[in-house]
Amino acid sequence: MEKLIVANIKMNFTLDEALKYKEDIDKKYSNLVICPPYVYINDMKSSSYAIGSQDGFYKDKGAFTGEVSFLQLKSIGVEYSIIGHSERRHILGETDQIVKMKYDSCIDNQITPILCVGETKEERDTNKIDQVISRQLESIFDDKRSNKFCIIAYEPVWAIGTSVTPTLKEIEEVHISINNIMKKYNVEYKILYGGSVSLNNIEEFSKSDLIDGFLIGSASLNTSNLKQMLDIIM
Ligand code: PGA
């Protein structure tokens, strides 16, 4: 099965850099989703890849200064959205309840959610990985939203932007746990791995049948790197 790459641009690029990035991806990739900052989504739309957002708000419209709704994102062609990224959970205080409202709003607006889950270093050290992942998944899925497709991204918080990753075996163990939890729900899903994915490790990780693709931050900011990673996982 073709593996997916989701590039999370985070809060990077000026407009000129965003346009140059788009121009550099001059070949059509059916397995690439780029998630630019909101302000560049329209400018970065391209027939070479699909567009995702990095977040969105759970109400469709109204008096929510500074927020952008999934309804609005859908109206400009957004097909995917990252939900519950650890930077939003840990820096911006998003709770499981908020993530759930965002997930539901994505589904209601026909945007495919890329739901991020993952443990902190302390939770790993105290053997709480399964507990944390179960809580994060169980707070999202219920019967009402069954039969929907979503993408789950396993991103250990301690591996994000640190150049440190779990071993392939450790990643696979968590992906197996996710599969076990998801058996209860009638939801189709793929599982990505994210956290310091780079040219140094993507080849090894992509050999695993348990990994359906990658959510990549820093290593995706450079298009030459990104294209090499896409070639490797082909
Ligand atoms: P990283 O970020 O690849 O820079 O570790 C991944 C992410 O935050 O999604």
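Let me open with the contact pattern: among the contacts in the protein chain that have a separation of 6 or more, 69% are between residues 24 or more positions apart. Please keep in mind throughout that this is a predicted model.

Turning to the overall dimensions, the C-alpha trace of the protein chain spans about 45 × 45 × 30 Å along its principal axes. For a chain of 234 residues, a compact globule would be expected to have a radius of gyration near 17 Å, and because the protein chain has 17 Å, the value agrees with that expectation. As for secondary structure, the protein chain contains ten helices and eight strands.

Next, burial and surface. Of the 234 residues, 53% count as buried, while the accessible surface of the protein chain comes to about 11100 Å², with 49% of that area belonging to carbon and sulfur atoms. On the electrostatic side, there are 27 positive and 34 negative charges in the protein chain, and the mean positions of these two sets are 4 Å apart.

Finally, I would like to look at a single residue, T112, which lies in strand β5, a strand that covers residues 112-117. Is T112 buried or exposed? Its relative accessible area is 17%, and since buried means under 20%, T112 is classed as buried. If we then ask which residues T112 touches, leaving aside those up to four places away in sequence, the answer is E79, Y80 and S81, together with F149, C150 and I151.

How values were computed:
Residues numbered from 1 in each chain as written. Predicted model: local features only at pLDDT ≥ 70, side-chain atom pairs only at ≥ 80, totals over all residues. Heavy atoms only, no water. Helix = DSSP H or I, 4+ residues; strand = E, 2+ residues; numbered from the N terminus. Buried < 20%, exposed > 50% of the residue type's maximum accessible area, 1.4 Å probe, protein only. Contact = heavy atoms within 4.5 Å. Rg over C-alpha atoms; globule rule 2.2 N^0.38 Å. Areas by Shrake-Rupley, 256 points an atom, 1.4 Å probe, with all protein chains shown as cover. Lys, Arg positive; Asp, Glu negative; His and termini not counted. Charge placed at Lys NZ, Arg CZ, Asp CG, Glu CD.
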